[in-house]
Amino acid sequence: MGPSLLSPATAFVLSTLTSWCFQAPFFGIAQALSVEPVPSPNLDLSQLGRVALTGDFDSISLYTYNLQNEDGFSTNGSQSLFTQLPDGTLASLTSADAGIQTMCPFILKDGTFAGVVAGGNFTSLGGVEAQGIALFDPNTTKVTPLPGLTGRVSAVLCDQKSNTVYVGGDFKGGNSTNAIAWVGMTGWANLPFAGFNGPVSSIIQAPGGNIIFGGSFDGLGNASTAPNKKDEQIINISKANISTATSTTTAGFSDPKNIACGSDGQDGSGHTWLLADNAPGWWKADFGFGFRPTKLRLWNTRQDGRGTKIFRFNAFPINGILNLTYTDPKTGRNESCDAWCPLASETEEGYQDFHFVNVIGMSSFRLDILDWYGGGGGLNGIQLFQDDIYAFAIEDFNEASCAGISQPSNATVTGPWAVTPSRQSSSEYLSANLTGPSIDSSSASVVFRPDIRQSGNYSVTVWTPGCLQDDSCAQRGRVNITGTMASQTRQSAPVQTEIYQTNNYDKYDQVYYGHVDAGSDSFQPSITLTPSANQGDNLYIVAQRVRFELVSSTDGLNGLYEFDPNQASATTDYSNSTVDRAGMDLDSNASITSLSASQDTIYVAGNFSNSNFDNVFAISQGNATSLPHGGLNGQVLTTYLTGNSLYVGGVFNNTSKANTADLNHIAVFSTQEKAWQPLGAGVNGRVDAIVPLTLNVTANKPELVISISGDFDEILPFDKNLSRAVSGLAVWVPSQKNWLQNLGTQAVSISGRLTAGTNLPNGPPLFAGAVASQGLGVSGAVELSTSGALGLSQLPIDIEPHELSSTSLQKRASTAQNVSGAVTGFFYESGGVNVTVLGGHFAARASNGSLIHNLAFINGSNSDKVTGLGAGINSDSAVLALETQGSVLFAGGTLTGEVDGNDVNGLILYDLAQSTFVDPQPPAFAGSNVAVNAIATRPGSGDVYVGGNFESAGSLGCPSVCIFTTSASQWNTPGSGLTGTVTALTWSGKNRLIASGSLNVNGNSTTMAVYDANQQTWTSFDQANTLPGPISALTAANNAQTNFWAAGQASNGSTFLSKYDGSKWRVVQETFGQSTVIRGLQILSLSKNHAGSDLVDADQVLLITGQLSLPNFGNASAALFNGTAFSPFILANKADNQPGSLSQIFSQKQNYFKSGGGHLAVGFVVLIALAIALALIFVLVVIGIVAERLRRKREGYVPAPTQMFDKHSNMDRIPPEHLFGNLGRGARGPGDAPMI
């Protein structure tokens, strides 16, 4: 065995494009990261019975851990690293400015965990500049860049035994291209074969220990052929900023631009530049772009016997003198020079060429003329050449038209482009700030056309300037890249891809690798850059340059290479390797995208074919063998092997040579049964990443599930499972042989895209991608536990996610309200009927499979059967308020339709006991944009008060609030003087109704009004005009309902929260973010007191629901306010990647204020006081009687005789005049009243 190439002197290791390092599923829950549980909110909901929450969301979590948030997943191309929290959700640890495609844990020989090696096309990670690769410490979140590479890293493989990380991709580093090694903590080391001539996509360690590279290459880096036409591109000097020192003053010879386009061989005015007589001088050109010249061509002058004899070449900004080689025109020998380079006075060609010994990047150069012929120095022409073939967006940087080139590199632009200074970039570039609702590919474009003079295989890369230098990161997004590489005489697939421009620092992306035809009179290759559609109404895009790099080789490889790290040199005898031979047996231009290995088999996947198999095959026992039915009929982009299952994703829908149903873009190959198996019926678009993770699905223990990500938006239907709308990510549960989205279990929700994952030695796995994750994947409504540990659970109803319901519903926003999701709810229990009612603007599945809209009934007394209203109510309606009177449900909102032949508008009545509409319905509301927003029954009566935006009910004028008297089934008007829009109604006692909204009382604007039911009058609420805007949410702040909390939007657009304490309004000073919309308020009781404040009692807390932006936290859907600070309570997201929101809390019982501690209702207090008073009076009377008897006994009293006498026997003895004779007599003054 030869010397090891994994020693520090040579160092090489591995990388892997299989975007993860899961060789075995991770089931641990140990936390190595700083994940801290947040303090319990200590809610006491025991007095409320069942409690539920409604809103517009498709996933939801209690705020339980410090790393949780409500952020959606990134859509501009930037990705993050995630850890898995104990509840299974994913939480972001740090972010990159672009994609993260691969990771592996780097454990050194001595067992030290150095960190996670992360690779991708990013230019920064965690705010640290890192070009494509970095080391991440998951314990501290520290990022350590691994500088030295430029380009994209697609694969990393960490090998503890050799202390090495193998890295592959599309990059340059050291003396290598596309593959290199990082050894220990010492740095980069070139592999003995110097990489490859094409990009590497995947790296694995074979069962025998060798390293297998897969990609799009046909030669080793040290065996690639160079272009047979060198120095072909001319650098445009004519548009540079040219300056000189000691030019002649002779007219026609002093302009330094005379020589900037080469020479036609003629001396004379306008053709020649001369120095002053007998004086040294210099000629300098400053460019707006960077370049790497390989050849300098000078035309010497012979004007009047003058000419340059000795010169030197200075490069800037390095400020260095460059070494040159040349052919001596007299001797024909090759010579070299540095600071003193001779220029012949005459040559046969008329010019002399000098080649640069070292190819150095520069943006400026200067020719110092040190000696001359005759009376002074001068030149007739100058040109610079380079091997690199570029086309710039700025036309002045492309090849000069004056250089005599038939098809120079050029660019064509359309749209509002402007030249942007280079700052930290390699050159100036074009930028376009696009605004408006219809940004698409027609909004702006740049077409790059290079000067290609040699046909062959090219790597085509697009440069993107970083966004930090022009402060455009917040507006950057995606651009489409399309291209034409072949003339009409040769068939070629069109180039089409998408790149992200969110990079903080300069980067380049390979957009094509393959054959490019040379330009001709009728054809020129091109690359077109345009903005991608559907990115909002404010987008900033940039365009700089495109490079075409010739990478042809005759080495014989074809996408696969096996490397023995124990050998000191790399063999080029590929016949000894089964892997190499397998690649060479494929049709030319094979592209290997993913490799997987078991103990005795290597699985190879990609875009290739031969006579035996297509796009996937196996290498085992020294042979390449086909998988059943010849492989797959389309490109494979990713694989993952676990146990006996090889999961395969890509662009296919069947096997290659047979009909295996339902293999739509995702399939699994059973290595034990040697058979292809579908995953349901697959998905409707490309799958480009497979990442395993563990979730609690059907039992209280984690199990392995398979996430797939890609360009799809639907899980296809199969068996009895309907199609499911998704956003590019789906999760397969092997134990259930079904998609997680179909199971209806209470499981974690993950949306977005997962691109990579890796296990860690002592902690949860680490994931990469752009995802949003919450603890429960459920839409519209959840139940909140009222006993035991606080938790959320799904109500027994299937409300469709936001994306799918938006297509099922005719529209998401009703005429008067921008409403979606479940808005309100009600628990009804009476007469053996137990029904949960949900209202809003949503679509849900009934128990019979039909689609119901906007009002749903869950019948708990009939096995939770789910039903709807049936026909009659338009599906674009919205239910905004619910109330019951007896068994009759009052449902109000923006409801329109027809019931029993009669039009309804704003309100319907439905009998919950009979499950039918009430007949007849009340006369419909009328007015502009009718909406019922609030319904409240007057205590102790059958009068139902309805508030909203309307003018009349039937023919009865009753604006804003109307009374429905149930005993007479008719509308009545509650007084007069109130107009406007009512948003909330609440009773303060049985005779005092509080209404809030945007109101007008007797001609005066107000936000709250009071209705006296006895006097039938409306008045403005005390000091309501001091509130800064209309009220959107209102709730009682005490049991007596004399104090109130109110929230709304101020006239300046901010959100306010205020409390009325019985005498004045008090504003909460801590401000919400601008995006805040408060939809609900409710006082809740606590099991453990907080410190208390003058705003909220120590045993209470204020629940705020809506779409909130909390100080020092960010977005939340619900928060708790203790009088001094806001705490996040519930986080939610929608399936369309927007923040979720909560509308309302509703409960079985309305005991929101505790019954103890002097908080009884007023009526109970009066009754108890009366009982106590009567008891005290009785006791006092008894004591008085006893005391009187004792007194009389002491004083000698004896009972009077008890003999009865005739009460009538002496009546005639008293004449009446004696009895009444003195009435009216006595001492009375004049005018005194009679004495009685």
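The largest nonpolar core in this predicted model has 70 residues. Within that core, the residues with the most contacts are Ile237, Leu296, Phe313, Phe365, Ile527 and Phe548. If you would like a single element to start from, try strand 20, spanning residues 281–291, which gives the core its largest share, 5 residues. The core also reaches across a domain assignment: domain 2 (236–387) and domain 3 (390–550) each supply at least three of its residues. In soluble globular proteins, nonpolar side chains tend to be buried together.

Phenylalanine 548 makes a good place to pause. Setting aside neighbours within four places in sequence, phenylalanine 548 is in contact with Ile389, Pro450, Ile452, Tyr458, Ser459, Val460, Met485, Val516, Pro525 and Ile527. One of these partners, Ile527, is itself listed with Phe548 among the residues with the most contacts inside the core. A second core, separate from this one, is made of 48 residues, including Phe57, Tyr63, Val782 and Ala1132.

Now step back to the whole chain. The protein has 5 helices and 89 strands, and 54% of its 1236 residues count as buried. If we take contacts between residues at least 6 apart in sequence, 61% of them join residues at least 24 apart. The protein exposes about 51,300 Å², of which carbon and sulfur atoms supply 48%.

Next come the charged pairs, with a count of 22 salt bridges. Aspartate 368 pairs with arginine 366, and their closest N and O atoms are 2.7 Å apart. Is aspartate 368 buried or exposed? Its relative accessible area is 6%, so aspartate 368 is buried. Another salt bridge joins the side chains of arginine 453 and aspartate 451, at 2.8 Å from N to O. Here the two partners fall into separate classes: aspartate 451 is buried, at 9% relative accessible area, whereas arginine 453 is partly exposed, at 30%.

A further bridge links aspartate 798 to arginine 724, with 3.7 Å between the closest N and O atoms. Because aspartate 798 lies in strand 61 (residues 798–799) and arginine 724 in strand 54 (residues 724–725), this pair ties together parts that are 74 residues apart in sequence. Aspartate 798 is partly exposed, with a relative accessible area of 28%, and arginine 724 is also partly exposed, at 22%. Elsewhere, salt bridges with shared partners bring Lys172, Arg547 and Glu549 into one network.

Strand 71 (residues 931–937) offers another stop, at threonine 937. With a relative accessibility of 17%, threonine 937 counts as buried, since the cut-off for that class is under 20%. What is threonine 937 in contact with, leaving aside its neighbours within four places in sequence? Its partners are Glu883, Thr884, Gln885, Asp943, Val944 and Trp987.

Finally, let us visit the surface. Leu1170, Leu1174, Ile1177, Val1181 and Ile1185 form a nonpolar patch there, and together they have about 470 Å² of accessible area. Isoleucine 1185 belongs to helix 4, which runs over residues 1162–1194. With a relative accessible area of 47%, isoleucine 1185 is partly exposed. The tour thus began with a nonpolar core of 70 residues and ends with a nonpolar patch on the surface.

Technical notes:
Residues numbered from 1 in each chain as written. Predicted model: local features only at pLDDT ≥ 70, side-chain atom pairs only at ≥ 80, totals over all residues. Heavy atoms only, no water. Patch = residues over 30% accessible without salt bridge, like charges linked within 9 Å, V, L, I, M, F, W, Y side chains within 5 Å. Areas by Shrake-Rupley, 256 points an atom, 1.4 Å probe, with all protein chains shown as cover. Salt bridge = Lys/Arg side-chain N within 4 Å of Asp/Glu carboxyl O. Helix = DSSP H or I, 4+ residues; strand = E, 2+ residues; numbered from the N terminus. Buried < 20%, exposed > 50% of the residue type's maximum accessible area, 1.4 Å probe, protein only. Contact = heavy atoms within 4.5 Å. Core = buried A, V, L, I, M, F, W, Y, C linked by side-chain atoms within 4.5 Å. Domains from an automatic or database assignment.
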